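Q: I am new to this structure and would like a close look at a single part of it. Please keep the description plain.

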Amino acid sequence: MKLVVQVKLLPTPQQASALESTLRACNTAACEVAATARQIDCYRNYDLRKHTYQGIKTNYALGAQAAQHVIKKVCDAYATLAANLRAGRYGKPGSRRRRRVEANPISFRWDAAQPYDARMLSWQHDARTVSIWTVDGRVKSVAFTGSPDQVKAVASLPVGECDLVHRDGMWFLYATIDVPEPELIDPDGFLGVDMGIANIAYDSDGTGYAGATLNGYRRRQLRLRKRLQAKGTQSAKRLLARRRRKEARHATHTNHVIAKTIVTEAARTGRGIAVEKLTGIRDRVRLRKPQRVTLHSWSFHQLGTFLTYKARRAGIPLVQVDPRYTSQTCNRCGHRDKRNRPDQETFTCRSCGVVAHADHNAALNIAQRGVEGWGAVNRPHVA
């Protein structure tokens, strides 16, 4: 399986200047390629090369590999845009926003990430430096650093394509590495995981993750942003700029901790993991207006992604199940009624009388559906 490892570059001022010139040239060229693609309505990589490759290579002093990566980056961006349009993320067909997105070419910031392959970037692990292509020539001995796990990963595992990233005045390489994937265990049951608003996750063992404490943290961050935005002074704007990724970093860290805890518990007990399908969660969940900010401020997809890759690395089976009616169905007798859930926290079965935490009941239903789904997939074939 492939994972992405982030290492921080420590360039000298001269090296940083060369890296900045490279990103500016590559992204200016990408904007030109994107405009040409829109003008001639051509978005396939090899077809677009015929119209743009030689021009950007000459005009922006790009090497052959860099020019090809620029064109591929533009094609990938248009493919992502097309997927978002199909999913309705830019409004309904005919809406003003959608027409504007469909008509205008994609643009790239000067510091947008630029892909590098093995011909453009080499690693010297003993010296902990990299040699990297720039528009000013090959820049050697650019120091890099990272956590012990990150440095060990790029030194001991095969490294594929890397992205050069400039963020908040710092330089990073995002390296794609190939990690050996163990065989999946034969699970003895499944650990169900219900994702929600009051509790980010709740498992079928009755453990809740990141509930009231995290929601209180997010509310404080929201109040602080509102105050700073209303103040509107230069110092308030500077503070907003410094804090703009703080909540996102906190969310990423929390999602990592939750995912690692769940996978560790599943591995300890020899079970698989069952989660609800998250596709369209923001469209199908109906909430009161005050709760909508909470729903849209948390990355459920990121938590699902972390669970998936951590489970694969540990050899733990993970199945996605249909989440419909899991919060309205009794896990003991199977009776389904929307009145079974009188409030967010309480589940009371109107048939058998069982009383439980609503999220725990939903997680138990998800665990059972995980067992059924795994059995259906792995049922022996009868000739």
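In which crossing, right-handed or left-handed, does H1 pass H2? Please describe how the two helices pack and what lies around them.

A: The model is a predicted one. In it, H1 passes H2 in a right-handed crossing. H1 covers residues 13-40 and H2 covers residues 45-59. Their axes are 10 Å apart, and the helices pack at an angle of about 155°. Angles over 145 degrees count as roughly antiparallel, so H1 and H2 are roughly antiparallel to each other.

On the H1 side, the contact is made by Ala 29, Glu 32, Val 33, Thr 36, Ala 37 and Ile 40. H2 contributes Leu 48, His 51, Thr 52, Ile 56 and Asn 59. Sorted by type, the residues of this contact are six nonpolar, four polar and one charged.

Leu 62 touches residues of both sides of this contact, including Ala 29 and Ile 56. Other residues in contact with Leu 62, leaving aside neighbours within four places in sequence, are Ala 25, Cys 26, Lys 57, Ala 67, Val 70, Trp 133 and Val 135.

Leu 62 also belongs to the largest nonpolar core, which has 78 residues. Leu 62 is among the members that touch the most other members, together with Leu 9, Trp 123, Leu 164, Leu 173 and Ile 273. H1 gives the most to this core, with eleven residues.

Notes. Residues numbered from 1 in each chain as written. Predicted model: local features only at pLDDT ≥ 70, side-chain atom pairs only at ≥ 80, totals over all residues. Heavy atoms only, no water. Axes fitted to C-alpha atoms, helices over the stretch in contact; angles between N-to-C directions. Helix = DSSP H or I, 4+ residues; strand = E, 2+ residues; numbered from the N terminus. Parallel < 35°, antiparallel > 145°, perpendicular 65-115°, else oblique. Left-handed = near helix turned anticlockwise from the far one by under 90°. Contact = heavy atoms within 4.5 Å. Nonpolar A, V, L, I, M, F, W, Y, C, P; charged D, E, K, R; others polar. Core = buried A, V, L, I, M, F, W, Y, C linked by side-chain atoms within 4.5 Å. Buried < 20%, exposed > 50% of the residue type's maximum accessible area, 1.4 Å probe, protein only.
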